[in-house]
Amino acid sequence: MLIREATADDWPRIWPFWHRIVAAGETYAWDPGTSEEEARVLWMNPAKRVYVVEDDSGAVVASAYLAPNYGGPAARIANAGFMVDPDRGGRGYGRALAGHLLTEARAAGYRGMVFNAVVETNPAVKLWTSLGFAVLGTVPDAFDHPRHGPVGLHIMYRAL
C-alpha cells in the first residue's frame with residue numbers, strides 16, 4: 001500500500017466511497033444528501049492536508065484529512081477525518097492511515113488531536129481507543145442513527 005498526499009485528480013476516486021459512507025447516515029454528522037460539489041469542498045478544502053491510500057493495484061481505497069481543530073492560540077490541536085472504502089475494510093488501511101496522520105500531525109507541530117463527533121456505534125471507536133484516544137465525553141442522543149435510533153456522539157482526544 002502507498003499513503004501519499006492527495007491531489008485534485010484524486011477526488012473522482014474518493015467521491016464514490018465518500019458518498020456511500022455519508023449517504024448511509026451511520027458514521028458522519030454530515031447531511032446524507034450532500035452533493036458531490038459540496039462534498040469536494042468539505043473534504044478537499046485547501047485549509048486541509050488530504051491523504052489517500054492506494055492498494056497494490058493503484059486503486060484509492062481510503063482517504064483522510066488533517067487540519068487545525070481550532071484557530072488562534074489553540075491552533076496546535078489537530079482534527080482529522082477518515083474514510084475507508086466499505087468494500088476494503090478490515091485490511092489495515094484505516095490503521096495504517098491513522099498512524100501516518102498521527103506522525104504527520106506531530107511533524108506539523110500539533111500537540112494533540114481531537115475528534116468532535118464520533119458516533120458511539122461507529123466500529124472505528126475500537127480503532128481510536130487502541131491508538132490511545134480517550135473519550136472525553138459523550139453528547140447523549142445527539143445523532144439520529146438509521147438503525148439504532150438516537151445515539152451519542154463522542155468527543156475523543158489523544159495527546160501527540
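Modeller: Before we start, a helix here is a DSSP run of H or I with at least four residues, a strand is a DSSP run of E with at least two, and both are numbered from the N terminus.

Biologist: Thanks! And what kind of model are we looking at?

Modeller: This is a predicted model, in which local features need pLDDT of at least 70 and side-chain atom pairs count only at pLDDT 80 or more, while totals for chains, interfaces and linings use all residues. Residues are numbered from 1 along each chain as its sequence is written, and side-chain values use heavy atoms, with hydrogens and water left out.

Biologist: What makes Arg-4 and Asp-10 a salt bridge?

Modeller: The term asks for a side-chain nitrogen of Lys or Arg within 4 Å of a carboxyl oxygen of Asp or Glu. In this pair the closest N and O atoms are 2.7 Å apart, so the pair meets the cut-off. Side chains of opposite charge can pair when their charged atoms come close. The whole structure holds eleven salt bridges.

Biologist: Why is Asp-10 called buried?

Modeller: Buried means under 20% relative accessible area, exposed means over 50%, and partly exposed lies in between (1.4 Å probe, protein chains only). Asp-10 has 3% relative accessibility, so it counts as buried. Its partner Arg-4 has 22% and is therefore partly exposed.

Biologist: How do you know that Arg-13 and Glu-54 form a salt bridge?

Modeller: Their closest N and O atoms are 3.3 Å apart, so this pair also passes the distance test. Arg-13 sits in helix α1 (residues 11-24) and Glu-54 in strand β2 (residues 49-54), so the pair ties together parts that are 41 residues apart in sequence. Arg-13 is partly exposed at 34% relative accessibility, whereas Glu-54 is buried at 13%. Arg-4, Asp-10, Arg-13 and Glu-54 are linked in a network of salt bridges.

Biologist: What separates Arg-40 and Glu-37 along their helix?

Modeller: About one helical turn, because they are three residues apart in helix α2 (residues 36-43). Arg-40 and Glu-37 form a salt bridge with the closest N and O atoms 2.5 Å apart. Arg-40 counts as partly exposed at 33%, and Glu-37 counts as partly exposed at 46%.

Biologist: Let's turn to the sheet. What is the strand order?

Modeller: Seven strands form an open sheet in the order β1-β2-β3-β4-β5-β7-β6, with mixed pairing. β1 (2-5) and β6 (134-145) stand at the edges with a single partner strand each, so one side of each has no neighbour in the sheet. On average, neighbouring strands are turned by 25° against each other, direction ignored.

Biologist: Why are β4 and β5 called paired?

Modeller: Two strands pair if DSSP finds at least two bridges between them. Strand β4 (residues 77-84) and strand β5 (residues 112-119) are joined by two bridges and run parallel, so they meet the definition. Ile-77 stands opposite Gly-112 in β5.

Biologist: What makes α1 and α3 contact the sheet?

Modeller: Contact means heavy atoms within 4.5 Å. Helix α1 packs on the sheet and touches β1, β2, β3 (60-68) and β4, its direction making about 80° with that of β3. Helix α3 (residues 93-107) touches β1, β2, β3, β4, β5 and β7 (149-159), at about 25° to β3. Axes are lines fitted to C-alpha atoms, for helices over the stretch in contact, and angles run from 0 to 180 degrees between N-to-C directions.

Biologist: How many bridges does β7 make with β5, and how many with β6?

Modeller: Six bridges join β7 to β5, in the antiparallel sense, and eight join β7 to β6, which also run antiparallel. Val-119 has Leu-153 in β7 as its bridge partner, and Phe-143 has Val-151. A hairpin joins β6 to β7 through three residues.

Biologist: One last residue: is Asn-69 buried or exposed?

Modeller: Asn-69 has 18% relative accessibility, so it counts as buried. Asn-69 lies in the loop between β3 and β4. Not counting residues up to four places away in sequence, Asn-69 touches Ile-77, Ala-78, Asn-79, Val-114 and Asn-116.
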